[in-house]
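Take a moment with the sequence and the 3D view below. The text after it walks through a few places worth finding.

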Amino acid sequence: MSGFDTVLMVDWSGGNDRGAVPKADAIWAGVARGETVEDPVYLRNRKIAEDWIGAFLEDELAAGRRVLAGFDFPFGYPTGFCAALTGQGDPLALWDWFAEQIDDAPDANNRFDLAGQINRDLVGGKGPFWANGLKRDVPGLPRRKDGYVNPFPERRLAEGQAKGAFTCWQMAGAGAVGSQVFMGLPVLSRLRRRFDAAVWPFEPLSAPIAIVEIWPSLTVGPAPSGTIKDAWQVAEIARQVAALSAETLTQILDVNAPEEGWIFGLGFERLLRGTPAPLRNDCFALPTGVHWTPVDEAMELLRSRLSPVTGQETVDTADALGRISAATSFARRANPPLPNTAVDGYGFAGGRPAGAQVLPLVQGRAAAGDAPGAVPAGQAIRVLTGAALPAGVDTVILQEDVTVRAGAIHFQGPIKAGANTRKAGEDVVAGAEILQAGRRMAAADLALLTATGVSQVRVRKRLKVGVLSTGDELVDAGQKAAPGQIFDANRPMLLAMIRQFGHVPIDLGRVGDDADALRARLDSAANKVDAIVTSGGASAGDEDHVSAVLDAAGAMALWRIAIKPGRPLALGMWQGVPVFGLPGNPVAAMVCTLIFARPALGLLAGADWEEPQGFDVPAAFDKRKKAGRREYLRARIRAGRAEVFASEGSGRISGLSWAEGLVELPEAAMQVSAGDVVRFIPFGSFGT
């Protein structure tokens, strides 16, 4: 199936006309085409909404565009209701039935009376529908669930997996969706027939128009201040769906729910929330009046303002080591799939009381990989570790506790029923969530995925990070260095760190102290990388061209962070690509990369915010620290105590090689003496 050119998202309403002034709890429509998201459209009642949707679809067809049209109410009812009402199991027959039965005008409709009539016909007026929103009583429709009878499930299977889902049987009250179904299915029935549209998941989506059940609340967060929630949600979910690749869309639509229907994106919520959206030019802006930013505040600003910029792809599970999961993975099969034995021994049914026990042995044995057979009651079978338990076996006794004689096993009880066995699904049940989106997959994750039958996973494409050095004083190792020049140590260090973080490092070379050359290099890089890391020129001096060029572009914030070593970070956007301008001193560049750039790049790559794990250990040093800045000291562990490098100078690269991690000292003034507890963060906790 190919992708769609246009995504239409409609937030429906089961109530009456909402008036000329746009307001919440009305009908809103959002439209997205590729990266273009149109302003939400307010539709005051269902007649206007149906006319607008019809005209919109006509225009899209005339333009040769395929449309995925989403509506935010259930497309079907729990199992059995459709057949009970229409005599057919086809949910689209139920759509047509509602279209024939519903009378709808902008200021009045018969939804409550119809619900009462269905109750009287099916359950003698005691259900399945309840909650009357009218002032008058409706025969057969209880206002509350007093004496309520429902011969059908309370919720569809999809609703059982969607947090906070309301039952479709509730016709009125806060959050109720019952009226939306009554008043929405007739409209969808007419639109389907008018445009020969395909309905998911009931029909193959081969037609130019597909009608899909989508709940924005699954993936759309709170609306920005001053906006109407429903209007914000339809635009945002349209953007999310339009950003999906055709491959990802096909994966999400691969659902088998022929009677009840399904909610688009269920199980893929984090993938949808993480569809790349352009970062704002002001995403690095500091609050007014901020001059010195504490480390924790700086990290929280990054955490709250950055979002994934990478796309997705599907890879074999065996090739997913180190990749970032883009969608929640669910167990396709239980682990273990069948009850099995945990030991070598003999299996039989039920426990045995104290005293001498004798059980005749059946012929053969059960070993790992064998197809389970059956064992008659009162008999036993030889079983080997990992073997599926034959029918009639639920208990195993260790072979060391058994004597085999004359075709029977002899042992002393008691033995507890179920001893030495593993239940089916004891580790993981089929359908269970086993891996969330945003996780960087380790070898153990691949084992879990494989054991539960997941052969392929959806992952983020690797983040491409360009590394650029700046400064006239730099030359590459191997070149001749003039007096006053130094070898560029930062670029190879940063490229290696980017690779260790799991991203794709792109060497952007180095540029001198030339603003035009720097702009040209950034222009070239913006077309081939997802983020840029520079070193040098990040402060506010005459030759600090990184900050000057970003500032001139109108998308730069100079963060003076209360940290040592480090302090200046030039953060900005260049043609939509985030730029992290690091200090030029190698120690400061490395520390700022570990503390700030590493988790920020992880977010851009689609990973969760990654906090390094520190450990409290005794100090093997003395130090007096002033108040005001958080300090990171190059350190290593010897004899269970943290040693620190003899010099704190930012140019002492030998200290980076000497160290095995960092000692973190808080902002407050303190006197550290040998034996005092300090926090040590090993480099391994940063992924390096």
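What follows is a short tour of a sheet, two cores and one residue.

The model is predicted. Start with the sheet. Six strands make it up, and it is open. Their order is β16-β13-β15-β14-β18-β17, with mixed pairing. Strands β16 (395-398) and β17 (403-405) stand at the edges. Each has a single partner strand, so one side of each lacks a neighbour in the sheet. On average, neighbouring strands here are turned by 40° against each other, direction ignored.

Now look at one pair inside this sheet. Strands of a sheet pair through backbone hydrogen bonds, in either a parallel or an antiparallel way. Strand β14 (residues 352-366) and strand β18 (residues 408-415) run antiparallel and share seven bridges. One contact point to find is P360, whose bridge partner in β18 is A408.

Next comes the largest nonpolar core. It holds 54 residues. Those that touch the most other members are W12, F71, Y77, F129 and F182. Helix α6 (residues 178-195) gives the most to this core, eight residues. W12 has contacts beyond its close sequence neighbours, including I27, I53, F71, M183 and V187. Another core lies apart from this one. That core has 53 residues, among them M497, I563, L571 and I595.

Finish at V672, in strand β36 (residues 670-672). Is V672 buried or exposed? Its relative accessibility is 1%, and under 20% counts as buried, so V672 is buried. Residues it touches from farther along the sequence include A619, F621, L665 and V678. R624 is 48 residues away from V672 in sequence, yet their C-alpha atoms are 6.2 Å apart.

Note on methods. Residues numbered from 1 in each chain as written. Predicted model: local features only at pLDDT ≥ 70, side-chain atom pairs only at ≥ 80, totals over all residues. Heavy atoms only, no water. Pairing = 2+ DSSP bridges. Helix = DSSP H or I, 4+ residues; strand = E, 2+ residues; numbered from the N terminus. Axes fitted to C-alpha atoms, helices over the stretch in contact; angles between N-to-C directions. Buried < 20%, exposed > 50% of the residue type's maximum accessible area, 1.4 Å probe, protein only. Contact = heavy atoms within 4.5 Å. Core = buried A, V, L, I, M, F, W, Y, C linked by side-chain atoms within 4.5 Å. Lists of a residue's contacts leave out its neighbours within four places in sequence.
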